[in-house]
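Morning, everyone. Let me put the structure up, and then we can walk through it.

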Amino acid sequence: MFIDTHCHLSYEDYDDIDLVIKENCKANVEKIIISGCSKEWISESLKLADLYDDVYVTLGYHPSEVDVVTDEMLNDLKKQLKNKKVVGLGEIGLDYYYGKDNKEKQLELFEKQLKIAEAMNLKVVIHSRDATEDTINCLKKYNVSGVIHCFSGSVETAKIYVAMGYKLGIGGVVTFKNSKLFEVVQAVGLENIVLETDAPYLAPTPFRGQKNSSKFIPIIAEEIGKILNKSVQEVASVTTNNAYELFDLR
Ligand code: NI
């Protein structure tokens, strides 16, 4: 059995969510964790979690929301995080890909949410793009742990996160020809990996560029198995166990 620990399931991207869930089950992906990371997605994710037993959520404001998030919204978030289907706070973090103009604001929003995670004893799901050093420095200030979502850094960076107690979220990028994740997966091993799709984005090869879905998780597992010379069953069993323990699923 597989778990997709990070996807964005919403009616905006999928017409028939019942069908998506059915297809997931057929592919042996029995549980999914939706990342609700804007105001609208947070409410929609909670509704879907309410509707489907095997849908869990992490909630938090993505760095791209930095200009719209108010203190009132963060207060609401604290209440929303108390929902029993919530398994973590995220995705939150830093994104300097489009520039560092709003770096201070991003850092402020990130730290406010890390503070909430620490106070509520919630795992964090981290988005970090072109911002490794600042991300690590922020995380070190708080007593939190969780997942580095869509990890794409160096082996050295991977080892730092693992030493800090984080798992690496590995998805479709591992199947891309130009991906540098081969060395990373080899260096950290199965015990430090959780599987994710980030659907509808980042579909694995041979579906690259198309709409992604949790049902493609086995393709990612197969690639990781090839890298580590392990069977898909073993990849499934270890990564699912990692996800269960990390997010305290049952
Ligand atoms: Ni995401």
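One term before we start. A polar contact here is a pair of N or O atoms within 3.5 Å, and within protein one of them must be able to donate a hydrogen and the other to accept it. Keep that in mind for the residue I come to after the overview. Also keep in mind that this is a predicted model.

Let's begin with the whole protein. The secondary structure comes to 9 helices and 8 strands. The radius of gyration is 17 Å, close to the 18 Å that the globule rule gives for 250 residues, so the protein is as compact as a globular protein of that length. Along the principal axes, the C-alpha atoms fill a box of roughly 45 × 40 × 30 Å.

How much of the protein counts as buried? The figure is 56% of the 250 residues. The accessible surface comes to about 11900 Å². Carbon and sulfur atoms hold 47% of that surface. Now contacts. Take those with a separation of 6 or more: residues 24 or more positions apart account for 70% of them.

Next, one residue. Please find Thr58. Thr58 sits in strand S3, which covers residues 55-59. Is Thr58 buried or exposed? Thr58 is buried, because its relative accessibility is 1% and the cut-off for buried is under 20%.

What does the side chain of Thr58 reach? The partner is the backbone oxygen of Gly90, at 3.2 Å. That distance counts as a polar contact, because the limit is 3.5 Å. Thr58 has other company too. Leaving aside neighbours within four places in sequence, Thr58 is in contact with residues including Ile33, Ile34, Ser35 and Gly36. Val87, Gly88, Leu89 and Gly90 are also among its contacts. So are Val125 and Phe247.

On to charged side chains. How many salt bridges are there? The count comes to 11. I'll show a few.

Start with Glu23 and Lys215. Their side chains meet in a salt bridge, at 3.3 Å from N to O. Glu23 lies in helix H1, residues 17-26, while Lys215 is in the loop between strand S8 and helix H8, so the pair ties together parts that are 192 residues apart in sequence. Glu23 is partly exposed, with a relative accessible area of 26%. Lys215 is partly exposed as well, at 29%.

Next pair: Asp76 and Lys79. The closest N and O atoms of this salt bridge are 3.8 Å apart. Where do the two residues lie? They are 3 residues apart in helix H3, residues 71-80, which means about one helical turn separates them. Asp76 is partly exposed, at 31%. Lys79 counts as exposed, at 58%.

Third pair: Glu111 and Lys141. They form a salt bridge with the closest N and O atoms 2.7 Å apart. Glu111 is in helix H4, residues 103-120, and Lys141 is in the loop between helix H5 and strand S6, so this bridge ties together parts that are 30 residues apart in sequence. Look at the two ends. Glu111 is buried, with a relative accessible area of 17%. Lys141 counts as exposed, at 55%.

Last stop. Which residues are linked with Asp71 in a network of salt bridges? They are Glu108 and Lys112.

That's my tour. Over to you for questions.

Methods. Residues numbered from 1 in each chain as written. Predicted model: local features only at pLDDT ≥ 70, side-chain atom pairs only at ≥ 80, totals over all residues. Heavy atoms only, no water. Helix = DSSP H or I, 4+ residues; strand = E, 2+ residues; numbered from the N terminus. Buried < 20%, exposed > 50% of the residue type's maximum accessible area, 1.4 Å probe, protein only. Contact = heavy atoms within 4.5 Å. Salt bridge = Lys/Arg side-chain N within 4 Å of Asp/Glu carboxyl O. Rg over C-alpha atoms; globule rule 2.2 N^0.38 Å. Areas by Shrake-Rupley, 256 points an atom, 1.4 Å probe, with all protein chains shown as cover.
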